[in-house]
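Trainee: I should like to be guided through this structure by way of a few questions. May we begin once it is displayed?

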Amino acid sequence: MSEIKAWKLRGYRPGAGLADGAAQPDHDETDWLPAQVPGEVHSSLLAAKQIPDPHYHMNVEQVQWVERQEWWYRAEFAGPEAPASAGERDLLTCEGLDTYATIYLNGEMVGEHGNMFRPAVLDVTGKLAYGRRNVLAVRFDPVMERIQGREVPGQWGGYGVERVHVRKTQSQFSWDWAPRCVNVGIWLPVRLERFREARLARPYVRVLQADSALAVVLVEAEVESWVAAGPLQVSAALRLDGAACAGSAAVQDGRALIVLSVPNPRLWWPAGMGDQPLYDLEVTLSREGQALDTHSDRVGLRTVALDRTPDPDEPGAEHFTIVINGVPVFCKGADWIPADLLSGKVDAARYEEHLRLLVEANGNMLRVWGGGQWEKDAFYELADQMGIMIWHDFMFSCALYPDSDPAFVAEVRAEAEYQVRRLRNRACIVLWCGNNENDWIEDTERWADPGHDFGGKATYHQHLPEILGRLDPSRPYWPSSPYGGNDHNSDQAGDRHNWVAWHGMVQPRRFGEKPGRDWSPEGVSYRHYGEDKGRFISEFGMHAAPVLETLRRNVPESELYFGSEGLLFRNKDNPKDKGNMLMRAHTGLPKDLAEYIDYSMICQAEGLKFGIEHYRRRKFHCSGTLFWQWNDCWPGLSWSVLDYYAFPKASYFFAKRAYAPVLATAHDEADGAVSLWVTNDTLSPLADTLEWQLMGFTGEVTSRGQVEVRVGPNCAQRVACLDSETLGDGSRCEQVLWLRGLDGVLPENRHLFVEIKDLVRARPKVDITWERDGDSLVAHLRSDGYAYFVWLFVPVEGMRYSDNWFDLPAGQTKTVRLSHPGRARLAPEMVQVGWR
């Protein structure tokens with residue numbers, strides 16, 4: 001195999017490149033630019049200083065011309081020394097062409113392609129210059145020229161409705177967290193390979209059963225053969241830590257089935273539940289002892305199921321629980337969007353930082369959202385290694401899709417078959433989902449006619465289930481997100497998107513009922529999470545600003561003030577002041593930029609804490625929380641908890657604490673009492689002494705008590721109820737309930753009784769002392785009053801903090817460790833500190 005590199009790039013007005021000879025081997029490349037491949041045009045132009053950085057200020061508006069150009073790539077490469085012999089084939093594979101591409105080899109057109117999400121595989125046998133110079137050229141036509149004016153009847157989708165006609169990242173056409181930045185180019189590698197007589201498709205490793213004693217694995221190998229000769233044989237082997245099991249089978253009707261029995265297997269578990277051993281898989285295709293093709297992979301052995309049995313404790317409702325290796329799992333995580341406006345800027349290191357931060361935050365799942373893209377191989381490989389389960393949408397979102405068009409259906413089916421084959425061996429992927437919100441929004445648009453047909457319905461309810469049943473029966477499939485029950489966003493079945501908070505949607509509703517909204521501060525309050533009886537919450541969240549450093553890097557100094565045009569440009573949600581309604585409910589309105597950053601972060605962080613704690617108390621009536629959203633594609637004002645540079649917002653640390661494997665929480669009951677709960681996500685029983693203290697903000701303890709806690713594995717349990725007499729008198733706006741495990745099992749937690757804006761307390765004084773511990777910097781913080789929202793920040797990507805954005809009661813000391821894998825020495829003067 002040979003990857004083709006050293007590409008060059010040039011733009012033309014549409015239709016002009018071919019006339020200029022851009023496809024010809026002897027074309028003059030004097031004025032061509034070096035091209036980043038894998039990548040896209042914007043990144044190459046940016047590297048050549050031909051465009052401004054689209055992430056900065058309003059520069060993205062200045063690069064819109066890129067999508068209207070015709071773009072050509074050219075690369076020279078040496079052909080094989082000798083022509084293909086009888087029975088040999090030379091295949092050119094372009095793994096990712098974004099999007100409408102025509103491929104030329106040595107001046108001859110050899111193929112056309114129109115899908116970013118599947119490769120172009122071209123047989124170029126006999127078309128290469130063997131032993132000599134070859135020239136490969138790829139022309140990309142402007143996307144809008146191909147799709148402009150095309151419609152889907154009844155279309156309600158936003159963000160450029162023509163997008164539904166092209167198989168590429170939908171959010172590139174803009175979204176409510178991203179500006180329009182339509183990429184174009186060779187976004188994945190291009191390679192030339194020679195095969196003899198036959199080749200393997202991607203073998204399928206299906207775990208039929210798995211427990212601690214035995215795993216039974218079916219290896220299914222599809223074979224493409226073009227030579228009628230002797231019988232073909234496939235052998236397969238799994239190896240781990242010196243142990244191996246192997247088998248072989250003859251190829252019949254284009255495939256071979258091999259059953260491997262693995263004694264005492266080491267099973268793959270989600271993060272927090274066990275290890276993630278990966279077996280080395282090697283599959284070899286041979287004829288008469290001669291190897292013709294091999295395939296290598298690393299696979300985790302585990303089973304997965306979706307439990308949708310009735311919930312006996314909540315009549316009329318059913319479970320929606322992911323079960324791994326026979327064990328139900330509470331899924332803790334977030335929704336994943338493309339990590340950059342420019343696909344060429346996302347590499348394995350970028351993936352690793354984002355995924356490692358999830359595991360460090362006690363997360364175990366990401367949902368790859370349907371308006372994004374099928375990610376690069378490194379994303380899924382890292383998820384396998386780290387134990388991050390993936391809920392994977394197919395790439396359809398927030399629109400009607402033209403599946404009455406046979407050509408569109410054929411393209412979608414080819415894409416789905418390719419991606420399922422590509423990813424079905426990844427242990428991390430635990431659920432396939434047909435789309436994002438299309439069934440739900442269509443029903444709310446035509447609410448008086450429930451159950452009607454719509455553009456895309458056949459894709460999600462017929463084509464994808466058929467393909468998955470044939471190619472990957474090992475995983476559950478869910479038609480849409482949200483979906484299930486009497487309303488696609490029901491709290492009785494399936495998964496739910498809770499957009500009562502932030503978007504003011506009125507829930508619950510049923511089929512046939514007109515949707516409603518409440519735009520009041522009370523209507524958008526995150527307190528509504530406490531009313532939610534949903535079975536699996538796959539979206540919920542609130543906006544927050546990023547850290548000031550991110551804004552400083554991307555907004556001119558003259559625009560760094562609250563309400564500026566430059567700051568509002570960072571916010572792609574509408575109306576622009578939607579966050580003000582939320583802040584009115586919880587913090588009050590900010591007066592300046594510093595207050596806006598803090599207040600928006602407080603709303604997001606407190607909201608996620610409140611919601612996650614509520615849903616975890618309902619374990620397994622509710623079986624998962626995936627908040628919207630994990631990451632950002634540009635330096636925006638959005639729902640993300642990690643900003644564009646992976647600087648954590650306050651909500652990251654609030655979620656990290658709320659996702660702790662074991663957690664004590666407090667819940668305000670309707671009668672004024674406070675119930676205490678313990679959630680245990682581990683597979684072992686939990687024992688601790690839970691101490692509660694009702695404290696004033698100046699440090700006095702007005703009442704306290706202890707509860708002996710015994711909680712079984714993998715469950716949530718109410719352990720005590722504190723009535724008003726036990727709690728005693730006092731103004732709740734001047735008090736906090738503090739929880740901690742005296743035996744060190746349960747981490748500290750706190751419960752505030754009123755909104756942040758209604759707390760009555762003086763601003764405290766916080767003293768900090770510093771010490772070094774190896775390459776780490778250690779801060780010891782102590783306050784003379786109740787310090788709220790205490791934070792430390794170093795404006796360097798990759799920083800790690802043992803804790804951040806925390807509360808510090810009067811008279812207590814908090815120790816925070818700061819470290820950076822690439823910096824040997826951190827100095828106290830590098831650290832910014834703040835609190836409320």
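**Cores, a helix and a sheet**

Mentor: This is a predicted model. Leaving aside neighbours within four places in sequence, L818 is in contact with W770, S776, L777, A779, L792, V794, M799, R800, Y801, L826 and V831.

Trainee: Which helix gives the most residues to the largest nonpolar core?

Mentor: The largest nonpolar core holds 229 residues, and W7, W630 and L818 touch the most other members. The greatest contribution to this core, 11 residues, comes from helix 13 (residues 593–617).

Trainee: How many residues are in the other core, which lies apart from it?

Mentor: Among the members of that separate core are V662, W692, L694 and L737. Its number of residues is 21.

Trainee: Against which elements do the buried residues of helix 7 pack?

Mentor: Helix 7 (residues 438–445) is mostly covered, with 7 of its 8 residues buried. Those buried are N438, D439, W440, I441, E442, D443 and T444. They pack against helix 8 (457–471) and strand 29 (496–497).

Trainee: Why is one side of strand 17 and of strand 20 left without a neighbour in the sheet?

Mentor: The open sheet has 4 strands in the order 17-16-19-20, paired antiparallel. Strand 17 (243–250) and strand 20 (290–299) stand at the edges, so each has a single partner strand.

Trainee: Which residue of strand 17 is the bridge partner of V234?

Mentor: Strand 16 (residues 232–240) runs antiparallel to strand 17, and 8 bridges join the two. In strand 17, the partner of V234 is A249.

Terms used. Residues numbered from 1 in each chain as written. Predicted model: local features only at pLDDT ≥ 70, side-chain atom pairs only at ≥ 80, totals over all residues. Heavy atoms only, no water. Pairing = 2+ DSSP bridges. Core = buried A, V, L, I, M, F, W, Y, C linked by side-chain atoms within 4.5 Å. Buried < 20%, exposed > 50% of the residue type's maximum accessible area, 1.4 Å probe, protein only. Contact = heavy atoms within 4.5 Å.
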